[in-house]
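Here are my notes for anyone opening this one for the first time. Have the sequence and the 3D view side by side, and take the points in order.

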Amino acid sequence: YVPQRLEIAPNSPISVSDLIVGCLTRWPVWLPPRERDRALVRRVLEKTDVSGLAARRICDLSGGELQRVMLALALSPLPDILLLDEPVSGVDRKGLTGFYQLVSDLRKQHDLTILLVSHDLDIVARHADRVVLIDGTITAEGSPADVFGMPVFIETFGSIAACSIAADRNSAGSNSAE
């Protein structure tokens, strides 16, 4: 599970390494880390390409860096289902695109089932296999192209949004084929 955000006290002394060791081992974080714990931290952070963050304090990380650390933790050990609750709220557009690409790549590499709650419809259209539109209850489900063309979607988000997302998806598909 990767939450929408993690509440961190300003000036918290906890490092990324401390967080991982505290979550995945029984070793007290106030004691010097063992070599096997340092190796564990490297392996965990390599999953999301953020090995260089181990010594940084979690309160000093950008939103995108923190989400990649949280994703790395959620993948340790590798789950059957990964649940992401709006994992990029507060992340800039470049970080947002990179995060979704990373999640998409992990899904393909590990054959993971990923349940993602998101309002970033253009990016969902590019990366999702299936979409469920929820408005108090399930109102539509299917492929992104099917759902984004349904009247209930157009009523909720507008025809301009549906056309824009379809155009983005088509151009992304044609770019990847070149």
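1. Let's start on the outside. Y1, I81, L83 and L115 come together as a nonpolar patch on the surface, and their accessible area adds up to about 410 Å². Y1 belongs to the segment before α1. Its relative accessible area is 53%, so Y1 counts as exposed, the cut-off for that being over 50%.

2. A word on trust before going further: this is a predicted model. The average pLDDT of the protein chain is 85, and 88% of the residues reach at least 70. Residues 174-178 are another matter, with pLDDT under 50 throughout and 0 contacts beyond four places in sequence. Where pLDDT is low, the coordinates of a prediction should not be read in detail.

3. Now the overall layout. How many helices and strands does the protein chain have? There are 8 helices and 4 strands, and along the sequence they come in the order α-α-α-β-α-β-α-β-β-α-α-α. The chain has 178 residues, of which 34% count as buried. Take the contacts with a separation of 6 or more: 59% of them join residues 24 or more positions apart. As for the surface, the protein chain exposes about 10400 Å², with carbon and sulfur atoms supplying 54% of that.

4. Next, look at the first helix in the numbering. In α1, which covers residues 16-24, the buried residues are V16, S17, L19, I20 and V21. What do the buried residues of α1 pack against? Their partners are α2 and α3. Just ahead of that helix, in the segment before α1, you'll find S12. S12 has 11% relative accessibility and therefore counts as buried, since the limit is under 20%. Leaving out residues up to four places away in sequence, S12 touches R57 and C59.

5. T48 deserves a click too. It sits in the loop between α2 (35-46) and α3 (63-74). Is T48 buried or exposed? T48 is buried, because its relative accessibility is 0%. Beyond its neighbours within four places in sequence, T48 makes contact with R68, L71, A72, L75 and L102.

6. On to the aromatic rings, where the structure has 3 pairs. Why is the pair of F99 and Y100 edge-to-face? The ring centres are 6.4 Å apart and the planes meet at 75°, so F99 and Y100 fall in the edge-to-face class, which takes angles over 60 degrees. Both partners are buried: F99 has 2% relative accessibility, and Y100 has 4%.

7. The pair of F153 and F157 is tilted instead, with 4.9 Å from centre to centre and 40° between the planes. Both residues are in helix α7 (residues 151-157), 4 residues apart, or about one turn of the helix. An α-helix has 3.6 residues a turn, so residues three or four places apart point the same way. Even so, the two get different labels: F153 is buried at 1% relative accessible area, while F157 is partly exposed at 34%. Ring pairs also bring in F148, making a cluster of F148, F153 and F157.

8. Last, the charged side chains. Side chains of opposite charge can pair when their charged atoms come close. The count here is 8 salt bridges. One of them joins D122 and R126, with 3.8 Å from N to O. These two are 4 residues apart in helix α5 (residues 121-127), which puts about one helical turn between them. D122 counts as buried at 18% relative accessibility, and R126 as partly exposed at 33%.

9. Which residues are joined into one network by salt bridges that share partners? They are E35, R38 and R42. E35 meets R38 at 3.2 Å, N to O, and E35 also bridges to R42, where the closest N and O atoms are 3.3 Å apart. E35 and R38 are 3 residues apart in helix α2, so about one helical turn separates them. Each member of the network is partly exposed: E35 has a relative accessible area of 45%, R38 has 36% relative accessibility, and R42 has a relative accessible area of 41%.

Methods: Residues are numbered from 1 along each chain as its sequence is written. This is a predicted model: local features need pLDDT of at least 70, side-chain atom pairs count only at pLDDT 80 or more; totals for chains, interfaces and linings use all residues. Side-chain values use heavy atoms; hydrogens and water are left out. Buried means under 20% relative accessible area, exposed over 50%, partly exposed in between (1.4 Å probe, protein chains only). Contact means heavy atoms within 4.5 Å. pLDDT is the predictor's confidence in each residue, from 0 to 100. Accessible areas come from the Shrake-Rupley method with a 1.4 Å probe; for residues, only the protein chains shown count as cover. Rings of Phe, Tyr and Trp (its six-membered ring) pair if their centres lie within 6.5 Å; planes under 30 degrees apart count as stacked, over 60 as edge-to-face and the rest as tilted. Patches are made of residues with over 30% relative accessible area and no salt bridge: like charges are joined within 9 Å, nonpolar side chains (Val, Leu, Ile, Met, Phe, Trp, Tyr) within 5 Å. A salt bridge is a side-chain nitrogen of Lys or Arg within 4 Å of a carboxyl oxygen of Asp or Glu.
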